[in-house]
Amino acid sequence: MRQFVQQLVNGTVLGATYGLIALGYTMVYGIIQLINFAHGEIFMVGAFGGLTVYRYWLPESLAGNVWVALPAVLIVAIAVSVGTAVLMERLAYRPLRNAPRLAPLITAIGVSIFLQEAVRLFYPGGKRQQPFPQLISSGTFDVAGVTVAWVSVFVVVVAVALMVALQVFVKKTKTGKAMRATSQDPESAKLMGIDINRVIVVTFVLGAALAAVAGVMQGMRFAQIDFRIGFLSGLKAFTAAVLGGIGNITGAVLGGFLLGIVEALATQYVPQGSSWKDVWAFIVLIAVLVVRPGGLLGERVATRA
Amino acid sequence: MAALLEVRDLHVAYGQIDAVRGVSFDVDAGQVVALIGSNGAGKTTTLRTLSGLQRASGGEVRLDGDRIDRLAAHEIVARGVAHAPEGRRLFPRMTIRENLDLGAYRRRDSEVEADVAMVYDLFPILAERRAQAAGTLSGGEQQMLAIGRALMSRPRLLMLDEPSMGLSPLVMRTIFSTLSELKTRGTTLLLVEQNAQAALGLADSGHVLETGRIVLSGTGADLLRDEGVRKAYLGED
Ligand SMILES: Nc1ncnc2c1ncn2[C@@H]1O[C@H](COP(=O)(O)OP(=O)(O)OP(=O)(O)O)[C@@H](O)[C@H]1O
Ligand SMILES: [Mg+2]
């Protein structure tokens, strides 16, 4: 029983990161029906941005101070991811807005490879794993025999807070309503006076900011990052988004946590489970899609021409 | 004084297909102008071009004398042109109230609330259903909401594309009596209709469109009396 709870906790932490990244996939898909395969790399460059500020910019005397180092790392990570995402939208996707759907999809794969290679070739030491600072206490505490790291508490609290904030933003603010309107009928949104190019940029910005935070979290938990981390995390987060029903914000969060927990439990309880660690996500995905092709909270799949 | 809207030699093409081929007409402030014509005549294409959803391949559109044919759709709305499109095009998963708020998206003034009340007054059924998703409304209610939403921008020119489409005669009469109410309040309307009888009955002037060209123009009353119009659009022989 204690094992079980322990794995639930681990899975929740894992799922929080998947969920944060999944939101970017699902929002962009909701607005422009693009599966932005480069979103995993937005997460990765965010982690590298955070590492950069810590390693090169923070004076030694401040690097140990969590109240300075953590916000500095997060802010720069967000700035790097957001900047990259805005450029990507402007230069790679916008010119293809009216092209056949395959064109932006292939472009996204190209952008993804481009960003990986850029970091590998040009980041100092980018070819190898880079140690990532712990930033907050590496300590743990026990509740009823279950061990919880402080980093995990931070990850889950921040992720949940951001998810709630995003929901409120989309439901309540004028820009959030414009986002929903654009996702339901972009042409009709234009007739309301909505500048849908602006809405699309805002969508990329929000997704990138969340991915950046996830990138820093990932670095803190595993204590290292490299140019490939966006691939697997991105793929699993994308799986989470599809699982929840792509285009659906609550679905992405749900899918993220579900995948994280399944992955943690399977690792524990399935014989040899941990060597199959990266497969469970896709098994769950297939199982769910067989029963509900639109995902857990998705609409019935509409076939679009 | 120049007309509120001037359309001059408008051409619109979809690839090789010329859908609108040299259409010219005016809409004066406070007037109701009807565009009628059979399926595929180019009525929807004309409205879509006026509101910036479609690019003109030639000609000019002026609002208050200023060219608007190169502006993006959201900028044209900001200048006071509202378009209730063919097929209503509501935001189906948003409530009636949210749809109305989106109609007022460009507005910064404090009278939005009063205009919501005005729309509810015009269509009381919408007030009852205000928290209901637009996608669950009946066809008639959806059309009412589409008109109400377009009114929320306080347009100087309101363009309506086939508001009677798919409605029962009873609901259609409700819609047209609302349009005539709007007319008495001084709203400028550009009305596209297949239902020539109702549209021409309301309109100060009308134009008959055939394969992308205006083939006949006149006052609403004149067109209603016209032999050709009666045959082609009012089902008489
Ligand atoms: N997106 C499009 N691509 C290609 N051709 C189009 C497109 N939209 C309209 N057309 C063509 O342009 C012409 C005019 O169409 P339009 O929709 O403007 O007619 P309409 O007068 O509104 O007809 P209806 O009364 O049936 O609504 C038609 O021949 C139509 O086939
Ligand atoms: Mg039409």
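Helix H1(B) gives the largest share of the shell around ligand 1, at 3 residues (helices are DSSP runs of H or I of at least four residues, strands E runs of at least two, numbered from the N terminus). This is a predicted model, where local features need pLDDT of at least 70, side-chain atom pairs count only at pLDDT 80 or more, and totals for chains, interfaces and linings use all residues. Residues are numbered from 1 along each chain as its sequence is written, chains are lettered from A and ligands numbered from 1 in the order in which they are written, and side-chain values use heavy atoms, with hydrogens and water left out.

Strand E2 (17-27) and helix H1 (43-50) of chain B each bring at least two residues to that shell. As for direct contacts, an oxygen atom of ligand 1 sits 2.6 Å from a side-chain N or O atom of Thr44(B), and one is 2.7 Å from a side-chain N or O atom of Gln194(B). Gly40(B) joins in through its backbone, with an N or O atom 2.8 Å from an oxygen atom of ligand 1 (polar contacts with the ligand are pairs of N or O atoms within 3.5 Å).

Thr44(B) also turns up at the magnesium ion (ligand 2), which is coordinated by Thr44(B) (OG1) and Glu86(B) (OE) at 1.9 to 2.1 Å (donors are N, O and S atoms within 2.8 Å of the metal, or 3.2 Å for Na, K and Ca; water is not among the atoms, so sites may look incomplete). The pair ties together distant parts of the chain, 42 residues apart: Thr44(B) belongs to helix H1 of chain B, and Glu86(B) to the loop between strand E6 (81-84) and helix H3 (96-103) of chain B.

Definitions and conventions: A polar contact is a pair of N or O atoms within 3.5 Å; within protein, one must be able to donate a hydrogen and the other to accept it, and residues adjacent in sequence count only if both atoms are side-chain atoms.
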